[in-house]
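Please look over the sequence and the fold shown here before reading on. The paragraphs after it take one strand as a starting point and work outward from there.

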Amino acid sequence: MENSISLPPFYVGQNVVYITGVNMALNSTHIINEITPSDCGCFTVGINNIPLIKKYGLFICVVCGKYTNTDSINGWAASSFRAIKEQTFPLLTYSKVIEKELVSAN
Ligand SMILES: [Zn+2]
C-alpha cells in the first residue's frame, strides 16, 4: 500500500522567502498564514494574512501539472517559497549544572 501522507513544508507563522520571482519580487519575505494540501497532494499556502479562497472548477496544479475538476484553492504554491534559515542557538547541556548530592556526614 502506498503511503500518501505528506507533511506540510511550512508552519503557520513561519517566515519564508519567495524564490521564483515570477509574481512577486525575488527573495521577498513573507509570513505563512495558511497551508493546505491540494487534491493533487501539492501544498498551497496563504501569505501575509491573505486567506486562501476555495473555488469549484478545473484546477491545474502549477507544480505537478495534474488537473482535477474539484475544489481549487486560490493561493500560492508552497514550492515557490523556502524557509528562512532560523537562527540556531547553541545546544544547552547539563554539563555545567550537575550538582553533587550533598551527603550528610553525621
Ligand atoms: Zn500538484
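What follows is a walk through the strands, a shared core and two loops.

The structure is a predicted model, in which local features need pLDDT of at least 70 and side-chain atom pairs count only at pLDDT 80 or more, while totals for chains, interfaces and linings use all residues. Residues are numbered from 1 along each chain as its sequence is written.

A good place to begin is strand 3, which spans residues 43–47; strands here are DSSP runs of E with at least two residues, numbered from the N terminus. Five of the five residues in strand 3 are buried, a residue being buried if 20 or more other C-beta atoms lie within 10 Å of its own, exposed if 12 or fewer, and partly exposed in between, with C-beta atoms placed from the backbone. In a regular strand the side chains alternate between the two faces of the sheet. In strand 3 both faces are covered, since Phe-43, Val-45 and Ile-47 on one side are buried, and Thr-44 and Gly-46 on the other are buried as well.

Strand 3 has partners that can be followed one by one, where two strands pair if DSSP finds at least two bridges between them. Strand 2, residues 29–37, runs antiparallel to strand 3 and is joined to it by five bridges, and one of the partnerships sets Thr-36 against Thr-44. These two strands form a hairpin with five residues between them, and Gly-41 in the turn has a positive phi of about 105°. Strand 3 is also joined by two bridges to strand 8, residues 76–77, again in the antiparallel sense, and here Thr-44 has Ala-77 as its bridge partner.

From strand 2 the pairing leads on to strand 1, residues 15–18, through three antiparallel bridges, with Val-17 standing opposite Thr-29. Strand 1 in turn pairs with strand 9, residues 81–83, over three bridges in the antiparallel sense, and in that pairing Val-16 is matched with Ala-83.

The largest nonpolar core has nine residues in all, namely Val-16, Ile-32, Ile-35, Phe-43, Val-45, Ile-47, Trp-76, Ala-78 and Phe-81; such a core is a set of buried Ala, Val, Leu, Ile, Met, Phe, Trp, Tyr and Cys residues joined through C-beta atoms within 7 Å. Strand 2 and strand 3 each supply at least two residues of this core, and strand 3 gives the most, with three residues. Leaving aside neighbours within four places in sequence, Trp-76 is in contact with Thr-44, Val-45 and Ile-47, contact being counted when C-beta atoms, placed from the backbone, lie within 7 Å.

Is Ser-38, in the loop between strand 2 and strand 3, buried or exposed? Ser-38 is buried, because 21 other C-beta atoms lie within 10 Å. Not counting residues up to four places away in sequence, Ser-38 touches Thr-44, Cys-61 and Ile-73. Ser-38 and Ile-73 are 35 residues apart in sequence, yet 7.1 Å apart in space, C-alpha to C-alpha.

Another loop lies between strand 3 and strand 4 (53–56), and Asn-48 is found there, as is Asn-49. Asn-48 counts as exposed because it has 12 C-beta neighbours inside 10 Å, and Asn-49 is exposed with 9 other C-beta atoms within 10 Å. Most residues other than glycine have a negative phi. Asn-48, however, has a positive phi near 55°, and the phi of Asn-49 is also positive, at about 65°.

How values were computed
Helices (H or I, at least four residues) and strands (E, at least two) are DSSP runs, numbered from the N terminus. Two residues are in contact if their C-beta atoms, placed from the backbone, lie within 7 Å.
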